[in-house]
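User: Please take a close look at one position in the model and work outward from there to the elements around it. I want the cut-offs stated along with the values.

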Amino acid sequence: MARLDRYTCEEVFRRLDDYVDRELGSEEMTQMQRHLETCVVCAREYSFEMSLVRQVRDKLQRVSAPPNLLGRISAALEGAAES
C-alpha cells in the first residue's frame, strides 16, 4: 500500500480519539497535526473533543475518594486473580 502524504478527513476522524489520547505513532501524530492545521472542520472537531477531555479531567480532580479505596480495589483484584 502506498504511503499517504496527507490524511483525509475520514482518516482523521477514524484516528481522532487516539490522537487526543496521544496513542498514535510519531508519523501518524505528524500526519494528524498537518491535517488539523489545514482543515477547519477537523480542527473544530478536535477542539471540541479536547474541551470534553479537559472538562472530564477537571471534574475527576475534584472527586474525593475514600482513603481505603485503593486497598479495597487491590484486594478485589488479587481475589479475582486467584479465582
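Analyst: **One helix position and its surroundings**

Tyr-46 is placed in helix H3; helices (H or I, at least four residues) are DSSP runs numbered from the N terminus, as are strands (E, at least two). The model is predicted, with local features requiring pLDDT of at least 70 and side-chain atom pairs pLDDT 80 or more, while totals for chains, interfaces and linings use all residues. Residues are numbered from 1 along each chain as its sequence is written, and side-chain values use heavy atoms, without hydrogens or water.

Leaving out residues up to four places away in sequence, Tyr-46 touches Leu-16, Tyr-19, Val-20, Arg-22 and Leu-36; contact means heavy atoms within 4.5 Å. One of these partners, Leu-36, is itself in contact with Val-12, Tyr-19, Cys-42, Ala-43 and Tyr-46, with neighbours within four places in sequence set aside.

H3 covers residues 40–62. The end C-alpha atoms of its 23 residues are 33 Å apart, which agrees with the expected 33 Å at 1.5 Å a residue, where the expected span is 1.5 Å times one less than the number of residues. Cys-42, Glu-49, Met-50 and Val-53 are the buried residues of H3; buried means under 20% relative accessible area, exposed over 50% and partly exposed in between, with a 1.4 Å probe and protein chains only. These buried residues of H3 pack against H1 and H2. Also in H3 is Arg-57, which is partly exposed at a relative accessible area of 46%.

H1 runs over residues 9–20, and its twelve residues reach 15 Å from first C-alpha to last, close to the expected 16 Å. Its buried residues are Glu-11, Val-12, Leu-16, Tyr-19 and Val-20. They lie on the same side of H1 because they cover an arc of only 150° around the axis, taken over the directions from the helix axis to the C-beta atoms. Glu-10, Arg-14 and Asp-17 are exposed on the face turned away from that buried side. The cover over the buried residues of H1 includes H2 (26–38) and H3.

The loop between H1 and H2 holds Arg-22, another contact of Tyr-46. Phi of Arg-22 is near 60°, a positive value in a residue other than glycine. Arg-22 counts as partly exposed, at 48% relative accessibility.

The largest nonpolar core has ten residues: Tyr-7, Val-12, Leu-16, Tyr-19, Leu-24, Met-29, Met-32, Leu-36, Cys-39 and Cys-42. Such a core is a set of buried Ala, Val, Leu, Ile, Met, Phe, Trp, Tyr and Cys residues joined through side-chain atoms within 4.5 Å. H1 and H2 each supply at least two residues of this core. In soluble globular proteins, nonpolar side chains tend to be buried together.

Cys-42, at 1% relative accessible area, is buried. Its sulfur lies 3.6 Å from the closest cysteine sulfur, that of Cys-9, too far for a bond. Cys-9 is partly exposed, at 34% relative accessibility. The search of the whole structure finds zero disulfides, a disulfide being a pair of cysteine sulfur atoms within 2.5 Å.

The same kind of search finds one salt bridge, defined as a side-chain nitrogen of Lys or Arg within 4 Å of a carboxyl oxygen of Asp or Glu. It joins the side chains of Arg-15 and Glu-28 at 3.2 Å, N to O. Arg-15 is in H1 and Glu-28 in H2, 13 residues apart, and the pair links distant parts of the chain. Glu-28 is partly exposed, with 28% relative accessibility.

H4, residues 69–82, has 14 residues and reaches 20 Å from first C-alpha to last, close to the 20 Å expected. The number of buried residues in H4 is zero, so H4 lies largely in the open. Tyr-46 and Leu-70 are 24 residues apart in sequence and 34 Å apart in space, C-alpha to C-alpha. For Arg-57 and Ile-73 the separation is 16 residues in sequence and 21 Å in space, again C-alpha to C-alpha.
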